[in-house]
Amino acid sequence: MGEFKVHRVRFFDYMPSAIRAMAFNSRSERLAVARADGAVEIFNFADNYFQEKVIPGQDSRAVEALCWVNQRLFSAGLNGEITEYDLENLRPKYTVEAYGGPTWTISCNNQGTMLAVGCEDGTVKMFEILEERIQFQRNLDRQKGRIISLSWHPSGTLIAAGMMDMIRIFDAETGHATHRLLVERGVGSSKSKEVVVWSVAFLSDHTIISGDSAGKVQIWDGFTGTLIRTHLVTKWDVLALSVSPDESSLVAGTSEGTVIQFQFLSSTVGQQDKEWVRTRTFKNHSHDVRALAHTETAVVSGGMDTQLVVRPLLDKVEKNTQESSLRKIAFPHRSLVCCAKKAGLLLFQFPEHLELWRLGESEGHGKPGESLPVKRKPEKLIHLKRKGEDHICCSALSPCGGWIAYTTVSSVRLYRVQYNNNNISITKVSKLPKDLRSAQQLCLSSDSSKLFASSSQSSVIVVALSQTECKYLHTLKPKPGSRQPVHLLFASEDGKWLATANTDCEIHVYNLVKHKLHCTVPVYSSCPTAIAIHPVTSNLVVVHADQQIFEYSLVQKEYTEWSRKLQKRGLHSLWLERDTPVTHITFNPRDPAHIILHDMFMFCIIDQSLPLPEAKTLLYNQMTLKSVPEPERIRHSHAFKICKNFQHLMCVSLLEDHSLVVVERPLLDIMSQLPAPVRQKKFAT
């Protein structure tokens with residue numbers, strides 16, 4: 001595997017934002033997740049739960065609710081605006097003022113023709129969904145309290161609205177309230193407190209289910225407006241409800257971090273009458289569960305503890321398979337760390353600012369596993385605050401450390417960094433080319449002479465950098481028909497090639513000498529999560545969301561012999577069962593046969609000179625091989641050298657001096673920065 005001096009970095013204080021809302025699109029199998037900082041993320045559940053798109057947040061945008069209408073995504077927030085998102089350019093498409101104060105909830109009818117929005121001023125506002133926009137149609141009867149939650153009846157003729165102390169049923173055609181369902185307050189001291197109906201669900205048999213701040217899940221008859229059953233599930237709030245597509249199962253999320261499942265079952269065998277029965281309790285969160293989605297096979301939950309949890313229902317999936325395992329998505333599926341290989345610098349990306357750090361230095365040499373004494377401590381050189389309201393969506397640092405670039409949805413900013421002994425000066429490049437208005441991804445060439453910025457329809461803008469100016473050179477355009485945003489950019493070390501990957505699984509390679517498209521890699525069904533071009537062989541290495549690895553020769557325009565052998569043999573089952581994607585690939589200049597890559601829980605050196613592991617071979621065999629004699633070690637060695645000594649990895653990169661930089665962010669550090677959860681009575685305390 002080789003010996004490396006490792007810079008173990010734990011000073012990247014990355015803090016994910018709490019999950020506020022989610023919406024699942026069963027047609028495209030995409031989950032939209034809104035975070036407290038206004039960012040919206042799209043996960044592809046059909047592609048190993050890959051986070052394929054991120055729309056960055058904004059200071060003034062607080063998303064309270066999300067709603068899919070076919071393939072269009074809408075949100076409502078406490079700024080009183082309804083936003084539709086441009087999922088190709090990863091930005092808000094337009095916003096419409098609701099004129100009802102803060103908007104708490106948004107819901108569309110099954111037909112996909114109308115949006116209902118619940119407002120602070122007690123109105124439910126109806127918007128017609130047109131091809132390019134939405135248009136206000138009318139208000140339903142105004143109520144005295146704010147509208148907290150909404151649910152359409154599947155027929156599209158009735159709407160249930162959750163409020164303070166009550167639920168109202170509206171006729172969607174006339175706009176009049178037809179029923180008033182009074183929700184009982186809590187017992188004891190909480191009897192004087194108003195009850196907030198946080199969530200409602202309107203089923204096709206006219207059953208209404210509500211979750212409220214008194215800890216109750218209540219079942220109502222929508223025809224008569226009478227209460228059928230009350231389930232007291234917590235002393236705290238029931239914050240979210242979600243019903244399965246076939247309406248046979250319901251989940252409720254609470255302030256205690258539990259998710260409680262109810263199923264529509266007959267109480268005795270053979271009896272026709274069915275009722276809602278509490279069946280399971282899941283405890284996968286430490287804090288409030290603010291958002292839920294119930295798919296056909298799983299329960300998806302998220303909240304204050306920032307993690308997205310996918311809990312498969314074992315009666316719906318085959319047991320002891322990859323599909324039946326619990327998933328926790330804690331980190332973004334993209335890199336937030338840039339490493340300047342030549343200068344020994346790290347750039348950390350936060351939504352509001354960037355941090356530039358110089359790595360420390362150690363003394364002498366040690367044995368494997370030993371900690372070396374630090375000669376010079378790591379040093380924070382620059383804290384660069386963003387301008388404007390828009391959050392940073394991507395950033396780049398040149399290998400020499402002389403250029404820093406970042407982009408928001410509205411602008412690109414470029415800075416020249418100069419180091420003079422112990423003095424550092426940073427200068428903003430004021431005149432940028434007009435073509436460089438915004439970008440989804442940024443990348444700098446290895447000689448720091450060019451900036452590559454991905455633009456609309458998968459095109460890439462090339463800009464020349466010099467001490468005095470920043471000059472537009474040309475735009476690299478893919479084959480016609482590419483519309484999806486580029487999420488990966490990689491420039492080869494010799495300056496000849498540029499590879500891009502978009503969320504339509506297309507990989508384009510450009511010849512930077514001839515300024516044109518060189519080739520398109522055959523499209524594979526899963527989205528690429530990391531790409532890199534080998535500095536010696538000019539082979540493109542691609543890892544996909546389903547953990548498959550491909551190597552493509554840019555010179556021959558075909559898959560390499562090693563790649564064909566790997567696909568024929570098939571990857572080891574333990575490799576394919578990993579549940580976090582590979583987010584970074586690099587190479588070892590001293591040994592061209594080595595490919596270094598990492599996910600959240602391990603980093604791996606693939607040695608292409610060694611045989612591939614057999615299906616029955618022990619994949620994680622590094623510790624075992626240490627204890628056996630040399631001849632046997634050679635016999636049992638295989639290509640995949642996996643190291644799990646470091647956990648919760650944000651970046652693994654190789655510096656020019658052959659030392660490894662490992663950036664960790666332990667989950668316990670994140671948990672320790674969260675606000676205290678609600679107090680729960682523990683046994684014997």
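**Legends: a predicted chain, view by view**

**View 1. What's tucked away and what's showing.** In this predicted model, 58% of the chain's 685 residues count as buried. On the outside, the chain exposes about 30300 Å². Carbon and sulfur atoms chip in 49% of that exposed area.

**View 2. Overall build of the chain.** Box up the C-alpha atoms along the principal axes and you get roughly 75 × 60 × 50 Å. The radius of gyration comes out at 27 Å, which agrees with the value near 26 Å that a compact globule of 685 residues would have.

**View 3. Helices, strands and who touches whom.** Count the secondary structure and you find 57 strands alongside five helices. Now take the contacts between residues at least 6 apart in sequence: 48% of them join residues at least 24 apart.

**View 4. The domains, piece by piece.** The domain assignment splits things up as domain 1, domain 2 and domain 3. Domain 1 comes in two stretches, 19-185 and 193-248. Domain 2 picks up at 249 and runs to 329, while domain 3 covers 337-673.

**View 5. Where domain 2 meets domain 3.** Going by C-alpha atoms, the centres of domain 2 and domain 3 sit 37 Å apart. Their contact takes six residues from domain 2 and six residues from domain 3.

**View 6. Charges across the chain.** Here we're looking at 79 positive and 71 negative charges. Take the mean position of each set, and the two points lie 4 Å apart.

Key:
Residues numbered from 1 in each chain as written. Predicted model: local features only at pLDDT ≥ 70, side-chain atom pairs only at ≥ 80, totals over all residues. Heavy atoms only, no water. Helix = DSSP H or I, 4+ residues; strand = E, 2+ residues; numbered from the N terminus. Rg over C-alpha atoms; globule rule 2.2 N^0.38 Å. Buried < 20%, exposed > 50% of the residue type's maximum accessible area, 1.4 Å probe, protein only. Contact = heavy atoms within 4.5 Å. Areas by Shrake-Rupley, 256 points an atom, 1.4 Å probe, with all protein chains shown as cover. Lys, Arg positive; Asp, Glu negative; His and termini not counted. Charge placed at Lys NZ, Arg CZ, Asp CG, Glu CD. Domains from an automatic or database assignment.
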